[in-house]
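This note is offered in reply to a request for comments on the model shown below. The points are numbered for ease of reference.

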Amino acid sequence: MLQAIETRTAGTTPDERREEKKVAVHGAATVRFEHRHGDTRLATLYHHDPLRVLLPTPRRDDLPIAVLATTSGGMVGGDRMDIDLSVGPGARALVTTQAAEKVYRSTGEDCRIDTRVTVEAGGWLEWLPQEAIVFEGSRLRRLTRIDVAPDARLIAGEMLVFGRAAFGETVTRGLIRDAWEVFRDGRALWADALHLDGDIAETLNHPAGFGGAAACATLLHAAPDALRHRDALRALVEAAEGARVGVTGFDGLLVVRILGGDARAVRRTYAALWSGLRAEAAGLPTRLPRLWEV
């Protein structure tokens with residue numbers, strides 16, 4: 001919802017007050033699943049424009065699914081999205097997004113996406129949004145904070161696409177801050193932040209930086225037995241084409257990095273690793289939500 005915010009100052013004229021008006025977009029979504037009567041059911045649902053939560057019928061033998069949609073068509077400077085996702089004890093669910101998130105050029109204000117993911121005892125949650133496309137001159141700050149119980153399990157990921165390849169656009173300036181914080185039972189397990197600011201072309205093109213990559217992605221798997229699946233994940237990596245992939249693991253957490261000169265190849269690799277990992281770690285179908293196949 002567009003909200004007109006007016007700051008009034010004593011002694012200012014009506015024209016001056018009109019100039020002080022600011023338009024802010026602050027979307028929010030809260031989704032919680034709980035295990036009730038032998039099955040996982042939606043327990044809490046809240047959304048505020050321009051975020052909407054859709055609840056399509058899941059495929060046979062698959063998890064309940066929630067889909068986030070941004071009705072505004074993208075984010076501009078000053079926009080903010082707050083997302084809160086959780087599953088209760090023993091609940092299992094998947095949350096994704098309807099389409100790629102577009103982050104348009106900003107004249108100075110930052111866009112913010114803050115996501116909190118909570119998985120309680122014995123729960124399983126997949127949080128796999130589609131890619132965020134950052135336009136030339138955009139300013140994005142994104143933070144994903146994950147809290148998992150000691151015996152909870154999760155797959156989570158994010159993708160970034162640098163510019164609109166179909167228009168021949170490259171990203172040379174702007175702000176990209178993409179941060180992760182992972183906690184287990186209240187204890188900090190892993191924190192990571194990508195920070196590119198100002199003239200970012202050199203970093204994106206430098207061989208010791210992104211090497212001219214058009215996109216990158218991070219995929220996480222947190223579980224007590226996460227390291228047991230490392231070799232299976234690396235076997236999936238060997239079959240990936242068109243992207244560079246690295247896998248590391250420690251203390252019940254697998255971290256996968258994907259980098260490639262073709263955004264479509266990064267997306268295919270990200271999707272293949274996700275679908276293979278969910279089958280390996282949870283015995284779920286090796287397939288993606290229908291929206292990912294459009």
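**Salt bridges, strands and overall form**

1. The side chains of Arg36 and Glu34 are joined by a salt bridge, with an N to O distance of 2.8 Å. Arg36 counts as partly exposed, at a relative accessibility of 37%. Please note that this is a predicted model, in which side-chain atom pairs count only at pLDDT 80 or more.

2. A salt bridge also links Arg142 to Asp178, and here the closest N and O atoms are 2.9 Å apart. Arg142 belongs to strand S12 (residues 139–148) and Asp178 to strand S14 (residues 173–184), so this pair ties together parts that are 36 residues apart in sequence. Are the two partners buried or exposed? Arg142 is buried, with 5% relative accessibility. Asp178 is buried as well, at 10%, because the cut-off for that class is under 20% relative accessible area.

3. Strand S14 takes part in a further salt bridge through Arg184, whose partner is Asp251. The closest N and O atoms of Asp251 and Arg184 are 4.0 Å apart. Asp251 is placed in the loop between strand S17 (244–250) and strand S18 (253–260), whereas Arg184 lies in strand S14; the pair therefore ties together parts that are 67 residues apart in sequence. The two ends fall into separate accessibility classes: Asp251 is partly exposed at 40%, while Arg184 is buried at 12%.

4. Which residues are joined into one network by salt bridges that share partners? They are Arg32, Glu34, Arg36 and Glu120. The pair of Arg36 and Glu34 described in the opening point thus belongs to this network. For the protein, the count of salt bridges comes to 26.

5. Strand S4 deserves separate comment. Its side chains alternate between two faces: Leu51 and Val53 point to one face and are buried, while Arg52 and Leu54 point to the other and are not buried. S4 pairs with S5 in the antiparallel sense, over four bridges. Within that pairing, Arg52 has Ala69 of S5 as its bridge partner.

6. The loop between strand S4 (51–54) and strand S5 (65–70) contains Leu55. This residue is partly exposed, with a relative accessible area of 42%. Together with Leu42 and Leu45, Leu55 forms a nonpolar patch on the surface. The accessible area of the three residues together is about 230 Å².

7. As to overall form, the protein has four helices and 18 strands. Its radius of gyration is 20 Å, close to the 19 Å given by the globule rule for 294 residues, so the protein is as compact as a globular protein of that length. The C-alpha trace spans about 65 × 50 × 40 Å along the principal axes.

8. Some totals complete the picture. Of the 294 residues, 48% count as buried. The accessible surface of the protein is about 13,800 Å², and carbon and sulfur atoms account for 49% of that surface. Among the contacts with a separation of 6 or more, 71% are between residues 24 or more positions apart. The pairs Arg142 with Asp178 and Asp251 with Arg184 have sequence separations of 36 residues and 67 residues, respectively.

Definitions and conventions: Residues numbered from 1 in each chain as written. Predicted model: local features only at pLDDT ≥ 70, side-chain atom pairs only at ≥ 80, totals over all residues. Heavy atoms only, no water. Patch = residues over 30% accessible without salt bridge, like charges linked within 9 Å, V, L, I, M, F, W, Y side chains within 5 Å. Areas by Shrake-Rupley, 256 points an atom, 1.4 Å probe, with all protein chains shown as cover. Buried < 20%, exposed > 50% of the residue type's maximum accessible area, 1.4 Å probe, protein only. Rg over C-alpha atoms; globule rule 2.2 N^0.38 Å. Contact = heavy atoms within 4.5 Å. Pairing = 2+ DSSP bridges.
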